[in-house]
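Please work through the exercises below with the sequence and the model in view. Each task is followed by a solution in steps.

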Amino acid sequence: MVIGTIAGALSTWGFVFSPFFGDVDTCGIMNLHGMPGVLGGLVSVVVPFLYADAPSVAWKQAAGLGATLVIAIATGAICGLMLKMLDTPRMAFSDETFWETAEDIPKDMQSESLKSDGYVPASHVQ
């Protein structure tokens, strides 16, 4: 329970302050999965040293964490390289690049003024 609570707080902290990859991680995957996962992996390496009867072996846990990080970084880099080979959209993080968007919202304000629930303040409607 304690480790889960700490992992949840770490994830929330990451969303509030966006310390890692804030410019490119638009969905917060690093905050939601990365930071809590690495914390859990590190705790699983330390636990066998704290409790002699722990069912896990520290070096196996460390190897698993290391292998996971290597695979994640390698596949992420490969995906990034593949995407670089494609043409980059004019506005990569805007819906208007891929879909028709509402005409009552100025195009330059769509990505900035829309909240996650789709609410548009009256001051932004023409």
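The exercises that follow concern a predicted model.

**Exercise 1. Overall fold**

Determine which secondary structure elements the chain contains and how they are ordered along the sequence.

Solution. Step one is the count of elements: the chain has four helices and zero strands. Step two is their order, which reads α-α-α-α along the sequence. Step three turns to burial: the chain has 126 residues, of which 21% count as buried. Step four considers the surface: about 9,700 Å² is accessible, and carbon and sulfur atoms contribute 68% of that area.

**Exercise 2. The surroundings of Ser44**

Establish whether Ser44 is buried or exposed, and identify its contacts.

Solution. First, locate the residue: Ser44 belongs to helix α2, which covers residues 29-50. Second, apply the cut-off: buried means under 20% relative accessible area. Ser44 has a relative accessibility of 18% and therefore counts as buried. Third, examine the side chain of Ser44, which reaches the backbone oxygen of Gly41 at 2.7 Å. Fourth, set aside the neighbours within four places in sequence; Ser44 is then in contact with Ser56 and Gln61.

**Exercise 3. A nonpolar patch**

Identify which residues make the nonpolar surface patch of about 260 Å², and classify the accessibility of Ile6.

Solution. To begin, the patch is made by Val2, Ile3 and Ile6. Next, place Ile6 in the fold: this residue lies in helix α1, residues 2-17. Finally, partly exposed denotes the range between under 20% and over 50%. Ile6 is at 43% relative accessibility, so Ile6 counts as partly exposed.

Key:
Residues are numbered from 1 along each chain as its sequence is written. This is a predicted model: local features need pLDDT of at least 70, side-chain atom pairs count only at pLDDT 80 or more; totals for chains, interfaces and linings use all residues. Side-chain values use heavy atoms; hydrogens and water are left out. Helices (H or I, at least four residues) and strands (E, at least two) are DSSP runs, numbered from the N terminus. Buried means under 20% relative accessible area, exposed over 50%, partly exposed in between (1.4 Å probe, protein chains only). A polar contact is a pair of N or O atoms within 3.5 Å; within protein, one must be able to donate a hydrogen and the other to accept it, and residues adjacent in sequence count only if both atoms are side-chain atoms. Contact means heavy atoms within 4.5 Å. Patches are made of residues with over 30% relative accessible area and no salt bridge: like charges are joined within 9 Å, nonpolar side chains (Val, Leu, Ile, Met, Phe, Trp, Tyr) within 5 Å. Accessible areas come from the Shrake-Rupley method with a 1.4 Å probe; for residues, only the protein chains shown count as cover. A salt bridge is a side-chain nitrogen of Lys or Arg within 4 Å of a carboxyl oxygen of Asp or Glu.
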